[in-house]
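Please look over the sequence and the model below. A short report on the fold, its helix packing and a few chosen residues follows.

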Amino acid sequence: MDVEEVADELYGLKPTEFVAARDAYAAEARQAGDKDVAKAVSALRRPTVAAWVANLLARRRPEEARRFLEIGETLREAHRMLDAEQLRAASLQRNQLVGALTRTAADLARDEGQTVGDTVLHEIDQTLRGVLADPEVAGTWARGRLVKVPEAAVDFTAVAPTTSPARRTPPPTRRTPAAAAPSVPQPKRNRALERARAQAEAAEGEVRRLEQELDQARAGRQEAEAQETAATDRLATLEQELTQARRAANDAKAATAGARKAVKTAETTLAKARAAAESAAREARTLEKPQGA
């Protein structure tokens with residue numbers, strides 16, 4: 001059994017179908033003696049409705065998903081370079097595409113018989129914005145394997161006006177002296193840039209810390225699941241041994257009952273034989289007496 005193939009199939013199912021199918025695959029792997037595969041399959045988590053709808057979009061509309069991912073790369077690069085003009089252009093595309101793709105995803109889900117309410121629509125929107133902001137989320141979404149809605153994405157446009165204002169063109173009716181062209185003093189712009197970078201580093205540090213906590217939690221979960229699997233296997237073995245012991249006890253009980261019946265029959269037969277022997281002995285003694293005595 002290939003875990004990747006199983007995962008790809010499972011995340012294509014509706015959330016309501018996920019758990020039963022996952023557990024069936026895990027049981028099949030366990031029966032085949034492949035505990036590692038069983039553990040890996042059991043560790044797959046059921047997606048939320050919004051995550052499943054977003055996955056459905058990536059699976060059913062790969063070309064639109066590819067273009068969306070490219071815009072995400074452009075946004076992240078512009079954010080790293082603090083390019084205000086590029087950020088504004090990409091952000092305009094982002095807002096238009098997120099809205100359009102959210103509606104497309106909802107339509108695809110409804111075609112599958114899945115109800116999509118306002119809450120789910122909002123979560124789909126948030127998920128797609130997370131795809132644009134986070135390359136890890138983008139990679140998972142591209143494979144159609146998101147499990148939950150990502151945290152609210154950073155609004156890229158909020159950084160650009162402060163850190164790197166766009167170049168301004170003087171009005172046609174008025175000439176602006178060259179010395180007055182910069183709208184923001186260079187020292188102020190540098191300080192804003194330093195603050196933005198410091199905030200970005202702090203945010204990245206917090207992300208790394210949370211990722212470490214997540215890794216530890218996942219490791220703890222895997223250990224707990226391994227212990228659960230071992231306990232379940234041990235319980236199955238003990239239940240089998242108990243069944244065999246009960247069967248043996250029943251067989252022994254039946255054998256004991258048969259032996260008791262045989263003893264009783266033998267005792268009855270022996271008593272009859274003894275009575276017959278005593279009767280024959282008395283008759284013999286009678287015949288041995290002299291006549292007329």
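Which residues of helix 3 (residues 35-42) are buried? They are Val37, Ala38 and Val41. Viewed down the axis of helix 3, these buried residues fall within an arc of 100 degrees, so they line one face of the helix. The general rule behind such a pattern is simple. An α-helix has 3.6 residues a turn, so residues three or four places apart point the same way. Lys35 and Asp36 are exposed on the other side of helix 3. What do the buried residues of helix 3 pack against? Their partners are helix 1 (3-10) and helix 2 (15-31).

**The model as a whole**

This is a predicted model. Confidence comes first. The protein chain has a mean pLDDT of 79, and 70% of its residues reach 70 or more. Among the elements, helix 4 (residues 49-60) has the highest mean pLDDT, at 96. Helix 9 (residues 160-163) has the lowest, at 35. Over residues 157-184, pLDDT stays under 50. For that stretch the model has 25 contacts beyond four places in sequence.

How many helices and strands does the protein chain have? There are 10 helices and zero strands. Read from the N terminus on, the elements run α-α-α-α-α-α-α-α-α-α. Of the 293 residues in the protein chain, 24% are buried. Contacts with a separation of 6 or more were also sorted by distance along the chain. Residues 24 or more positions apart account for 73% of these contacts.

**Helix 2 against helix 3**

Now back to helix 3 and one of its partners. The axes of helix 2 and helix 3 come within 7 Å and cross at roughly 170 degrees. Angles over 145 degrees count as roughly antiparallel. That makes helix 2 roughly antiparallel to helix 3. Helix 2 brings Arg22, Tyr25, Ala26, Ala29 and Arg30 to the contact. Helix 3 brings Val37, Ala38, Val41 and Ser42. By class, this contact of helix 2 with helix 3 has six nonpolar, one polar and two charged residues. Val37, Ala38 and Val41 are also the buried residues of helix 3.

Lys39 lies in helix 3 as well. At 35% relative accessibility, Lys39 counts as partly exposed. Lys39 and Ala27 are 12 residues apart in sequence. Their C-alpha atoms are 9.8 Å apart in space.

**Helix 5 against helix 8**

How do helix 5 (residues 62-81) and helix 8 (residues 135-142) pack, and at what angle? The angle is about 175 degrees, with the axes 11 Å apart. Helix 5 and helix 8 are therefore roughly antiparallel to each other. From helix 5, the contact uses Ala65, Phe68, Leu69 and Arg76. From helix 8, it uses Pro135, Ala138, Trp141 and Ala142. By class, the contact of helix 5 with helix 8 has seven nonpolar, no polar and one charged residues.

**Single residues**

Three partly exposed residues, each with a C-alpha partner, are set out here.

| Residue | Relative accessibility | C-alpha partner | Separation in sequence | C-alpha distance |
|---|---|---|---|---|
| Lys39 | 35% | Ala27 | 12 residues | 9.8 Å |
| Arg59 | 29% | Gly144 | 85 residues | 6.0 Å |
| Arg88 | 39% | Ala78 | 10 residues | 9.4 Å |

Arg59 lies in helix 4. Which residues does Arg59 touch, not counting residues up to four places away in sequence? They are Asp8, Tyr11, Gly12, Arg143 and Gly144. Gly144 is also the C-alpha partner of Arg59, 85 residues apart in sequence and 6.0 Å apart in space. Arg59 is partly exposed, at 29% relative accessibility.

Arg88 is found in helix 6. Its relative accessibility of 39% makes Arg88 partly exposed. Ala78 sits 10 residues from Arg88 along the chain, with 9.4 Å between their C-alpha atoms.

Is Gln114 buried or exposed? Gln114 is buried, with a relative accessible area of 18%. The cut-off for buried is under 20%. Gln114 is placed in the loop between helix 6 (84-111) and helix 7 (118-133). Leaving out residues up to four places away in sequence, Gln114 touches Val49, Trp52 and Ala109.

Key. Residues are numbered from 1 along each chain as its sequence is written. This is a predicted model: local features need pLDDT of at least 70, side-chain atom pairs count only at pLDDT 80 or more; totals for chains, interfaces and linings use all residues. Side-chain values use heavy atoms; hydrogens and water are left out. Axes are lines fitted to C-alpha atoms, for helices over the stretch in contact, and angles run from 0 to 180 degrees between N-to-C directions. Helices (H or I, at least four residues) and strands (E, at least two) are DSSP runs, numbered from the N terminus. Angles under 35 degrees count as roughly parallel, over 145 as roughly antiparallel, 65 to 115 as roughly perpendicular and the rest as oblique. Contact means heavy atoms within 4.5 Å. Ala, Val, Leu, Ile, Met, Phe, Trp, Tyr, Cys and Pro count as nonpolar, Asp, Glu, Lys and Arg as charged, and the others, Gly among them, as polar. Buried means under 20% relative accessible area, exposed over 50%, partly exposed in between (1.4 Å probe, protein chains only). The arc is that of the directions from the helix axis to the C-beta atoms. pLDDT is the predictor's confidence in each residue, from 0 to 100.
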